[in-house]
Each structure stands twice: as structure tokens, then as C-alpha cells.
Amino acid sequence: MNNELDKKWYSAGGCAGMCVDLTLFPLDTIKTRLQSQQGFYKAGGFRGIYAGVPSAAIGSFPSAAAFFVTYESTKSLFTGYSATNLAPITHMLAASLGEIVACLIRVPTEVVKQRTQASPSLNTYRVLLNTLQEEGFRGLYRGYGSTVLREIPFSLVQFPLWEYLKVLSK
């Protein structure tokens, strides 16, 4: 890929991810609090529904951008296979690698965001510091493997289907 195209994918992917994450943030907070061990109301109920939004805002753009840059770069590496029956496999591989890379950014921001959502009396920065002090850097990656395993199946279906529908629409 050329540098100009990389910038487009980075910007488009980042903006799309950020718009989705910030629009749906209140619903995500409610879901997190419903799943909290302390219970919905003790975790904050409907108070501070935007608790943790700084973490989501900071991580959303680079995470989505990293996915799309990785996805498009991987596709371009296998351009010879795109016109064959192997195209869906190329798209599956590209999407899987995209998720693995994006989760390197997404998981730490999710850890901090969810902990802030479940403890709205603490701010994002305090939750980050507490996590680093109590668990170290590895604490930010708690759940990385399970998150990747959750994301990849969706991408295995979504992106080959997306690419197929793009071809049909031409």
C-alpha cells in the first residue's frame, strides 16, 4: 500500500470506530454494570453513565485504525490471491491479523474503561494507576486472549462477506 492510502485507511477506520464507540458508550456502561459482581446499583446504576469515556475515546481511534491498516496491508500482500477462489481465505487471514493487532490497543483501554464504569467514584487516570500498581503492565492485558478469540469469529464471517458484497455491487 502506498503512504497516502495508509493515511486514508487509518483516518477512516479510526473515525468509524470512535463514532461507534462513543455513540454506544452509555449502553456499554449499563451492560458492564449489569455484569458487575457488586450488582447494577452498587456499581453506579444510571449515575455517571459516561464514567470511563476518556479511556474509550483515547483507545478507540488508534484501535480501529490499527485494524484497518493491518487488514488492508495484509490484503495487499496477497493481491495475487484476491482474484481466485482463495480470496475469502485472504480476507479471513487479513481480518484475523487485524483483530490481533487492534486488540493490543483495545484490551488495555477496555480494562481501564470497564473498571471505571464499575467504580464511577474513581476517574480513568486513578483506575489506570491502580491497575499498574496492583497488577503491573500485564494487568492491562487481562483477558487479551479471550478478547481475540471473541473477535476473530465475527471477522472471519464479516469481512469476507463484506468483500463479496463489494464485488457484487460493481
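Here are three short exercises on the predicted model above, each with a worked solution.

As groundwork, residues are numbered from 1 along each chain as its sequence is written. In this predicted model, local features need pLDDT of at least 70, side-chain atom pairs count only at pLDDT 80 or more, totals for chains, interfaces and linings use all residues, and side-chain values use heavy atoms, leaving out hydrogens and water.

**Exercise 1.** Find which element has the lowest mean pLDDT and which the highest.

Solution. Start with the term: pLDDT is the predictor's confidence in each residue, from 0 to 100. The protein averages 89, and 93% of the residues score at least 70. Next, go through the elements: helix α1 (residues 3-23) is lowest at 74, and helix α5 (residues 124-135) is highest at 96.

**Exercise 2.** Work out how many helices and strands the protein has.

Solution. Use DSSP runs, numbered from the N terminus: H or I of at least four residues for helices, E of at least two for strands. That gives six helices and zero strands. For the overall dimensions, take the C-alpha trace, which spans about 55 × 30 × 30 Å along its principal axes.

**Exercise 3.** Decide whether L156 is buried, partly exposed or exposed.

Solution. First, locate L156: this residue lies in helix α6. Then recall the classes: buried is under 20% relative accessible area, exposed over 50%, and partly exposed in between (1.4 Å probe, protein chains only). L156 has 31% relative accessibility, so L156 counts as partly exposed. For comparison, buried residues make up 38% of the 170 residues in the protein.
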